[in-house]
Amino acid sequence: MNSSENCIFCKIIRGAVPAIKVCEDEYTLTFMDINPAGPGHALVISKAHAANLLEIAEPDLLAVTRTTQRVARAVQKALVPDGLRIGQFNGAAAGQTVLHYHVHIVPMREGQRTGAHGRAPGDPEELKVLAARIREALED
Ligand code: AMP
Ligand code: ZN
């Protein structure tokens, strides 16, 4: 599997850096964003390293998209947000800070004003509880 030595998300996939995981399959991994833009902010990544949408191989892209829908449905069921923001950035100029393809799932509340990124680290215990609630709501 294509992996990049110094990439933080590849390190999470290898288990060299911890993450609060929601679910994984052969091609994708989903975990809680360490700096949530709001409660329930999760990231879906491809297990194979690719910097962005322009570079990712089609099977990985399709797998991430499928997982994004599955997790988004679970977030909707578990947290009942008013909306769901699905985001993906390509290149530093576009706001991408981790150059490994990923999709943000951010539950939104009516009237909530939030940027694409959170400003502070989430409480790990709270993130674990949210991850468990999302995981329990996953369907096949
Ligand atoms: P982007 O700007 O789209 O590249 O977003 C990268 C996201 O990854 C940001 O929302 C960060 O908070 C998040 N992030 C960075 N490092 C980690 C990590 N070790 N564990 C979880 N999320 C992370
Ligand atoms: Zn990577």
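These are my notebook entries on a predicted model, covering its zinc site, its nonpolar cores and a few single residues.

**Entry 1: the zinc site**

I started with the zinc ion (ligand 2) and looked up which protein atoms hold it. The donors are Cys7 (SG), Cys10 (SG), His49 (ND1) and His100 (ND1), and they lie 2.0 to 2.3 Å from the ion. Next I checked the geometry: the 4 donor atoms subtend angles of 104 to 117 degrees at the zinc ion, so the arrangement is tetrahedral. For reference, the ideal angle for four tetrahedral donors is 109.5 degrees.

Along the chain, the donors of the zinc ion follow the spacing C-x2-C-x38-H-x50-H. One pair among them links distant parts of the chain: Cys10 sits in helix H1 (residues 8-14), His100 in the loop between strand S4 (83-87) and strand S5 (102-108), and 90 residues separate them. Are these two buried or exposed? Cys10 has 2% relative accessibility and counts as buried. His100 is buried as well, at 0%.

**Entry 2: around His100**

I stayed with His100 to see what else its side chain meets. A polar atom of that side chain lies 2.7 Å from the backbone oxygen of Ser46. The side chains of His100 and His49 are also joined by a polar contact of 3.2 Å, and I note that both residues are zinc donors.

I then listed the contacts of His100, leaving aside its neighbours within four places in sequence. Cys7, Phe9, Cys10 and Ile13 are among them, and so is a run of residues made up of Ile45, Ser46, Lys47, Ala48, His49, Ala50 and Ala51.

**Entry 3: the aromatic pair**

How many aromatic pairs does the structure hold? I found 1. The rings of Phe9 and Phe31 have centres 5.4 Å apart and planes at 80 degrees, so I logged the pair as edge-to-face. Phe9 belongs to helix H1 and Phe31 to strand S2 (residues 28-32), so the pair ties together parts that are 22 residues apart in sequence. Both phenylalanines are buried.

**Entry 4: the nonpolar cores**

The largest nonpolar core has 23 residues, and those touching the most other members are Val22, Met32, Val71, Val75, Leu79 and Ile134. Where does the core draw its residues from? Strand S1 (21-24), strand S3 (42-46), helix H2 (58-79), S5 and helix H3 (124-136) each supply at least two. The largest share, 6 residues, comes from H2. A second, separate core of 9 residues includes Phe9, Leu29, Ile45 and Val98. As background, nonpolar side chains tend to be buried together in soluble globular proteins.

I followed two members of the largest core further, again setting aside neighbours within four places in sequence. Leu79 is in contact with Pro39, Gly40, Pro107, Arg109, Leu130, Arg133 and Ile134. Val22 lies in strand S1 and is buried at 3% relative accessibility. The contacts of Val22 are Thr30, Phe31, Met32, Ala131, Ile134 and Arg135. I also took a C-alpha to C-alpha distance here: Val22 and Leu138 are 116 residues apart in sequence and 9.4 Å apart in space.

**Entry 5: Asn52 and Ala57**

Both of my next residues come from the loop between S3 and H2. Asn52 is buried, with a relative accessible area of 12%. The side chain of Asn52 reaches the backbone nitrogen of Leu54 at 2.9 Å. Leaving aside neighbours within four places in sequence, Asn52 is in contact with Asn90, Gln96 and Tyr101.

Ala57 counts as partly exposed, at 39% relative accessibility. I paired Ala57 with Ile20: they are 37 residues apart in sequence and 26 Å apart in space, C-alpha to C-alpha.

**Entry 6: an unusual backbone angle**

I closed with Val80, found in the loop between H2 and S4. Phi of Val80 is near 45 degrees, a positive value in a residue other than glycine. Most residues other than glycine have a negative phi. With 52% relative accessibility, Val80 counts as exposed, since the cut-off for that word is over 50%.

Note on methods. Residues are numbered from 1 along each chain as its sequence is written. Chains are lettered from A and ligands numbered from 1 in the order in which they are written. This is a predicted model: local features need pLDDT of at least 70, side-chain atom pairs count only at pLDDT 80 or more; totals for chains, interfaces and linings use all residues. Side-chain values use heavy atoms; hydrogens and water are left out. Donors are N, O and S atoms within 2.8 Å of the metal (3.2 Å for Na, K and Ca); water is not among the atoms, so sites may look incomplete. Four donors count as tetrahedral if all angles lie between 85 and 135 degrees; four count as square planar and six as octahedral if opposite donors are over 155 degrees apart and all others between 65 and 115; anything else is irregular. Helices (H or I, at least four residues) and strands (E, at least two) are DSSP runs, numbered from the N terminus. Buried means under 20% relative accessible area, exposed over 50%, partly exposed in between (1.4 Å probe, protein chains only). Rings of Phe, Tyr and Trp (its six-membered ring) pair if their centres lie within 6.5 Å; planes under 30 degrees apart count as stacked, over 60 as edge-to-face and the rest as tilted. A nonpolar core is a set of buried Ala, Val, Leu, Ile, Met, Phe, Trp, Tyr and Cys residues joined through side-chain atoms within 4.5 Å. Contact means heavy atoms within 4.5 Å. A polar contact is a pair of N or O atoms within 3.5 Å; within protein, one must be able to donate a hydrogen and the other to accept it, and residues adjacent in sequence count only if both atoms are side-chain atoms.
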